[in-house]
Each structure stands twice: as C-alpha cells, then as structure tokens.
Amino acid sequence: RRGESAEIAAGFRQAGLNNFTAVDASDTFYKNLDKIYEPEAKRNIIGQTFLDAKDQQIIDLDLNSAEWLLGQGTIYPDIIESSGSRHAQKIKTHHNRVEAVKKMIEQGLVVEPLIDFYKFEVRQIGRRLGLLNNLINRHPFPGPGLAIRCLCHQHSAVADVSDIQQKADALLAQKYPHLNQQVLPLKSVGVQGDNRTYAHPLAVWGETTWEKLDALASQVTNAIKGLNRVILLLNPPVEHKIDFKLPDRDVYISRERIELLRQIDDIVTNIIKRAGVYDNIWQFPVVLLPIVDEQGRESIVLRPFNSRDVMTATFYRMDKKILDQIGQTILATGKISYLFYDITNKPPGTTEWE
C-alpha cells in the first residue's frame, strides 16, 4: 500500500529491531509478472520471486546460508487454503506455500511460529508482546500484495457468458423484476465447500437495501452455476442498459496499474479512518478490474467484509453517507469508470478476487 514499506520499517525499529533491512525488489517482480494473467500463475511466480529476492539478500549481506533460517508469518488459514490439511482441496496457492518453500520446510530450513493460529489469535499474541497498536490492528493484507487485486485480461481468451446471462435474466425477472443486471465477462476466484471455483460476477443495480441485496446474492450464486459473486454498481447511468466491456487488447500487471490501485486504496483507507469505522471492518480489499468505458478508464470493486477466522465472512454493511463519500472521492480523480461494491459472503466469494 501507499507508504506501507516506510511505516513497517519504522515499526520494526521502534520494536528494537535495529538490524532490520527493507529491500525494494519491485523491478524484479514486475519483470517476472510480465504478460501473466492467470491467478494461480501470478501467485506461484510471486512466491518464487519472493524466495529469489531472499537469496539475493543473503549474497548482498554476505551471510552464510547454512547458518540462517527463513522466518515466515504463515497462519493457519494459509495452510487450509493451500491444501495443507489431508482433506482440503487447494483454494489458492499462498506465496509462503509454493513448491520451493515446501522443500525448504521438509529440510528444516523454515521457522513459522504462528502457523497454528488464526489472525485474531495472532493479534492477541502481539498485544502480549507489547507491539504497537497501529501494527497489530492493521487490516490483513495478502502476501502477494496488490498484484492479486489487479485483475488481468487476455484478449484471445474472452469467455462467452450468453448462457449464464440467459439464466440470470430468467431468475431475476421472476424474483427481482425491478433490478437491472449484467454478467461481467471476466472471472474471479471463489470457494464452495472445500472446493475452488473460478466463475463470473453478476453486476446489479436498482436496489440499495443491504438485507435485500444479501438475500439476492445468496439466491443468485446458489441457483446459477457459473456465478460466484454479486456486485452492486454504485454509479449507474441514467439509462438502464450498460454493456460492460473488456479492452480489445491484452491487459497485464504494470507499475502504472498498481500505482492507480494504490492511489484508490489509499483514498478508501483514509476515509474509513477519518469516519471512525476502520476498526469495525476486518479487511477492505480494493480491486482493479479491466472493465472499461469509452475513455478506456478501468473499474474498481470495493470489498469490505467482517470475519473472525477468515474461513467464513460476511460483506460489510457500510453507512451510506460514508460510502457516498468514498464513491465521490474516487470518481473525482477522473481515472475510474464504474464503481462496484461486493455484496458476496464467503462462501461463495473468497476474501480476494484472485
């Protein structure tokens, strides 16, 4: 996030760890992610690059690799979602569970003191240790960073959603005739039971009551195979029909796209802190979608939710005044076309979109 590296470095030093070194390996990550769009591929590349950066630091600091262990903040949900238990299917590969890390673990080269704990328990441990509140109470953040909140698009692999759209038309015409809706021509990662899904979001507009939207999202994702999320369009045009489009070119991770997402994420974080609701929200992913308007501007999804163990979660019912302020501030940048609010619980939607 914006300013995050400096904040964390300061926190480490305030905790007395004066030998702490922060390394900017962003050039290597961007290079390795060039022309990669598939979520699992992105996660695996990021995990391996993380290790490569560590190996380079061992060389640069002139350390004897035989005398050092890799320390990781792996927590229990990471293991479950990476199929680390006997009965669990892999939902997603965590950067701390790529194949190279697994081999190091087998060799006894990794120490993970938090591996048996959920996030709320980790925070309790942090308080026992006397760590600073601004570190303990920070929203959880994915190991692969904003890369998995920056969706990509391969123009030659656009999915045909006409069949799913027909099913959505039939269901909503019967149960929610006042609503407008459209299936988005991209996919996000979800979870159904212990199984991973990779399916489309349904965008809706014309309803603003959180309880009704919650019921709608559950009905839609349960009834229609191929949909695993429902998102509310916050800035619908006067006309009812919208044709959500993907660019007619490939869109991948780039420094420019990440900087845009970082700017929007910072806007959101600052507003919810000033409004006094930051601590009421467990986590607030902000996602950049390659859904564009005529000017080529991309879209944003707001995905705040509440949870205790992150194995299940409910979307956050935000006060409409705060949500309006967030929306107006984001759109005032002139860099965003459509603004969505994810109203999907977990399951069937995962914490992150990738």
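Does Lys-35 count as buried or exposed? I looked this up before anything else, and Lys-35 counts as exposed because its relative accessibility is 55%, where the cut-off for exposed is over 50%. I note here that the model is predicted.

**Entry: backbone of Lys-35 and Asp-62**

I placed Lys-35 in the loop between α2 (26-32) and α3 (39-60). Its phi is near 65°, a positive value in a residue other than glycine. I then turned to Asp-62, which sits in the loop between α3 and β1 (70-71). Phi of Asp-62 is near 55°, also positive in a residue that is not glycine. Asp-62 has a relative accessible area of 70%, so I list it as exposed. For context, I wrote down that most residues other than glycine have a negative phi, and that most peptide bonds are trans.

**Entry: cis peptide bonds**

I looked up omega in the segment after β11, where Pro-347 and Pro-348 are both found. The bond from Lys-346 to Pro-347 is cis, with omega near -10°. The bond joining Pro-347 and Pro-348 is cis as well, and there omega is about 10°.

**Entry: nonpolar cores**

I recorded 54 residues in the largest nonpolar core. Leu-302, Met-318 and Tyr-341 have the most contacts inside it. Helix α10 (residues 255-274) supplies the largest share of this core, eight residues. I listed the contacts of Met-318, leaving out residues up to four places away in sequence: Trp-210, Ile-272, Ile-281, Phe-284, Pro-304, Leu-323, Ile-326 and Tyr-341. Apart from the largest core I found another, of 17 residues, with Leu-151, Ala-203, Ile-242 and Phe-340 among them. As a general remark, nonpolar side chains in soluble globular proteins tend to be buried together.

**Entry: aromatic pairs**

I noted nine aromatic pairs in the structure. For Phe-244 and Tyr-338, the ring centres are 4.9 Å apart and the planes stand at 85°, so I filed the pair as edge-to-face. Phe-244 belongs to the loop between β6 (227-233) and α10, and Tyr-338 to strand β11 (residues 336-342), so this pair ties together parts that are 94 residues apart in sequence. Both Phe-244 and Tyr-338 are buried.

I went on to Tyr-338 and Phe-340, whose ring centres are 6.5 Å apart with the planes at 45°, so this pair is tilted. Phe-340 is buried, as is Tyr-338. I also noted that ring pairs link Trp-205, Phe-244, Tyr-338 and Phe-340 into a cluster.

**Entry: charges over rings**

I checked two tryptophan rings. Arg-123 lies over the face of Trp-282, at 4.8 Å from the ring centre. Over the ring of Trp-210 I found the charged end of Lys-320, 4.8 Å from the centre. Trp-210 had already come up in my list of contacts of Met-318.

**Entry: cavity**

How many cavities of 30 Å³ or more does the structure hold? I recorded one. The space in the largest cavity is about 50 Å³. Its lining consists of Arg-1, His-139, Asp-265, Val-268, Thr-269, Ile-272, Tyr-278, Phe-284 and Val-286. Helix α10 gives the most to this lining, with four residues. I cross-checked the lining with my earlier list: Ile-272 and Phe-284 line the cavity, and Met-318 touches both of these residues.

Conventions:
Residues are numbered from 1 along each chain as its sequence is written. This is a predicted model: local features need pLDDT of at least 70, side-chain atom pairs count only at pLDDT 80 or more; totals for chains, interfaces and linings use all residues. Side-chain values use heavy atoms; hydrogens and water are left out. A nonpolar core is a set of buried Ala, Val, Leu, Ile, Met, Phe, Trp, Tyr and Cys residues joined through side-chain atoms within 4.5 Å. Buried means under 20% relative accessible area, exposed over 50%, partly exposed in between (1.4 Å probe, protein chains only). Helices (H or I, at least four residues) and strands (E, at least two) are DSSP runs, numbered from the N terminus. Contact means heavy atoms within 4.5 Å. Rings of Phe, Tyr and Trp (its six-membered ring) pair if their centres lie within 6.5 Å; planes under 30 degrees apart count as stacked, over 60 as edge-to-face and the rest as tilted. A charge sits over a ring if NZ of Lys or CZ of Arg is within 6 Å of the ring centre and within 35 degrees of the ring normal. On a 1 Å grid over the protein atoms alone, a cavity is a set of points where a 1.4 Å probe fits but cannot get out, and a pocket is an open set with protein on both sides within 12 Å along at least five of seven lines; lining residues have an atom within 4 Å of a point. Grid points are joined across faces, edges and corners, and a volume is the space filled by probe spheres set on the points.
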